[in-house]
Every structure is written in C-alpha cells, then in structure tokens.
Amino acid sequence: MSTKNSIEVNLPGQAAAVPQPPMLPGVPFNNPEEIGAELDLTRSYADMMPYFEFCLTQSMKTRDAMNCIEDIRVGAREEERIDVFPNPNPKAPILIFVHGGWWLKTTRKHWSYTAYGFVQHGYTVIVSDYT
C-alpha cells in the first residue's frame, strides 16, 4: 500500500511503505519531476514571442538613443561579452544586470532597455550575457 510521500519497497514476502522526506519544508512538490513541470517555461513559449519582440525593439531603441559601449569581451568565449551604458558622472555607482533566458533564449541585446531608467537615476549600467 502506497501513501503520499512514500515509496514501495519489496522485501522478501512483503511490501512495505517507507516514508520519504518532503523535498523541502513548505514546498508543495513531492519530487523533482513536479518541480520541473512547474518551472518549464517552454510550455508557454508561444505566448512569450510578443514579449521577446517588445524587449528586443525597446532595447534597440535604447542602444540607439543612449551612450552605449557594446560588445566588450570579458572572457575567452565569443559569448562572454558585456554592454556598458555609462552615466556621465565617472563616480556613478554601477549596476550589473544579468538577464535570465533559460540558458536557451535571449541575450543581453534583448535586455538593454533595462539600462535606461537606471542611467537616468545616476547609475552606470552593465548588461551581461552568461555562458
């Protein structure tokens, strides 16, 4: 007989339920597969295209309108690059924006638009890719 959070163990001549500890206290998932299904953003990818297009369009406008130092190599791999949106004040604090992207979708070029407001409020912004 199996209960929630238990596994079947076949012992000689009998089956016994052995309790499994919860994944994490307070987390409503029983196993890694449930977590994976919940966090699988590709299930809603069809709905995401208008957002990706919006981000890319706004980011191109931001790079055109602002002082932007693009494609600074920071590592050995081609994709290890950053774009810098400097504030005119050389002593401005620096904000580093590392985008999400499922390690599959988007690059820093989709997220340049995030620099606009921060530069206007006195920050130098670095938008990076990840590898």
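By a nonpolar core I mean a set of buried Ala, Val, Leu, Ile, Met, Phe, Trp, Tyr and Cys residues joined through side-chain atoms within 4.5 Å. I start there since the first item on my list is a core of that kind. One caveat before it: this is a predicted model.

The largest nonpolar core has 9 residues: Cys-55, Met-66, Cys-68, Phe-85, Trp-111, Ala-115, Val-119, Val-125 and Val-127. Two elements, α3 (115–120) and β6 (124–128), supply at least two residues each to this core. In general, nonpolar side chains in soluble globular proteins tend to be buried together.

Take one core member, Val-127. What does Val-127 contact once its neighbours within four places in sequence are left aside? The partners are Ile-82, Asp-83, Phe-85, Phe-97, Arg-108, Trp-111 and Thr-114. Please keep Asp-83, Arg-108 and Trp-111 in mind, as these contacts of Val-127 come back later.

Now the chain as a whole. There are 3 helices and 6 strands, and along the sequence they follow the pattern β-β-α-α-β-β-β-α-β. Of the 131 residues in the chain, 24% are buried. The chain exposes about 9200 Å², and carbon and sulfur atoms supply 61% of that area. As for contacts with a separation of 6 or more, 55% of them join residues 24 or more positions apart.

Next, the aromatic residues. For a pair of rings, the description consists of the distance of the centres and the angle of the planes. How many aromatic pairs does the structure hold? There are 4. In the pair of Phe-54 and Tyr-113, the ring centres are 6.2 Å apart and the planes stand at 70°, so this pair is edge-to-face. Phe-54 belongs to helix α2 (residues 45–65) while Tyr-113 sits in the loop between β5 and α3, so the pair ties together parts that are 59 residues apart in sequence. Both residues fall in the middle class for exposure. Phe-54 is partly exposed at 46% relative accessible area, and Tyr-113 is partly exposed at 27%.

Tyr-113 has a second partner in Trp-111: this aromatic pair is tilted, with 6.1 Å from centre to centre and 35° between the planes. Trp-111, the core residue from before, has 17% relative accessibility, and the limit for buried is under 20%, so Trp-111 counts as buried. Phe-54, Phe-97, Trp-111 and Tyr-113 together form one aromatic cluster.

A short stop at Gly-100, in the loop between β5 (94–98) and α3. Is Gly-100 buried or partly exposed? With a relative accessibility of 47%, Gly-100 counts as partly exposed. Not counting residues up to four places away in sequence, Gly-100 touches Lys-105, Thr-106, Trp-111 and Tyr-130. For Gly-100 and Trp-111, which are 11 residues apart along the chain, the C-alpha separation is 9.5 Å.

Last topic, the charges. Side chains of opposite charge can pair when their charged atoms come close. The search over the whole structure finds 10 salt bridges. One of the salt bridges joins Glu-78 and Arg-81, at 3.0 Å from N to O. Arg-81 counts as buried, at 15% relative accessibility.

Asp-83 deserves a separate look. Which residue forms a salt bridge with Asp-83 at 3.1 Å between the closest N and O atoms? That is Arg-108. Arg-108 lies in the loop between β5 and α3 and Asp-83 in strand β4 (residues 81–85), so the pair ties together parts that are 25 residues apart in sequence. Both Arg-108 and Asp-83 are buried.

Asp-83 also forms a salt bridge with Lys-109, where the closest N and O atoms are 2.9 Å apart. Here too, distant parts of the chain are linked, with Asp-83 in strand β4 and Lys-109 in the loop between β5 and α3, 26 residues apart. The relative accessible area of Asp-83 is 0%, so Asp-83 is buried, and Lys-109 counts as buried at 17%.

These residues are part of a wider set: Arg-63, Glu-70, Asp-71, Asp-83, Arg-108, Lys-109 and Asp-129 are linked in a network of salt bridges. To return to the start, Val-127 is a member of the largest nonpolar core, and its contacts include Asp-83 and Arg-108 from this network as well as Trp-111 from the aromatic cluster.

Note on methods: Residues numbered from 1 in each chain as written. Predicted model: local features only at pLDDT ≥ 70, side-chain atom pairs only at ≥ 80, totals over all residues. Heavy atoms only, no water. Buried < 20%, exposed > 50% of the residue type's maximum accessible area, 1.4 Å probe, protein only. Helix = DSSP H or I, 4+ residues; strand = E, 2+ residues; numbered from the N terminus. Contact = heavy atoms within 4.5 Å. Areas by Shrake-Rupley, 256 points an atom, 1.4 Å probe, with all protein chains shown as cover. Phe/Tyr/Trp six-rings, centres within 6.5 Å; stacked < 30°, edge-to-face > 60°. Salt bridge = Lys/Arg side-chain N within 4 Å of Asp/Glu carboxyl O.
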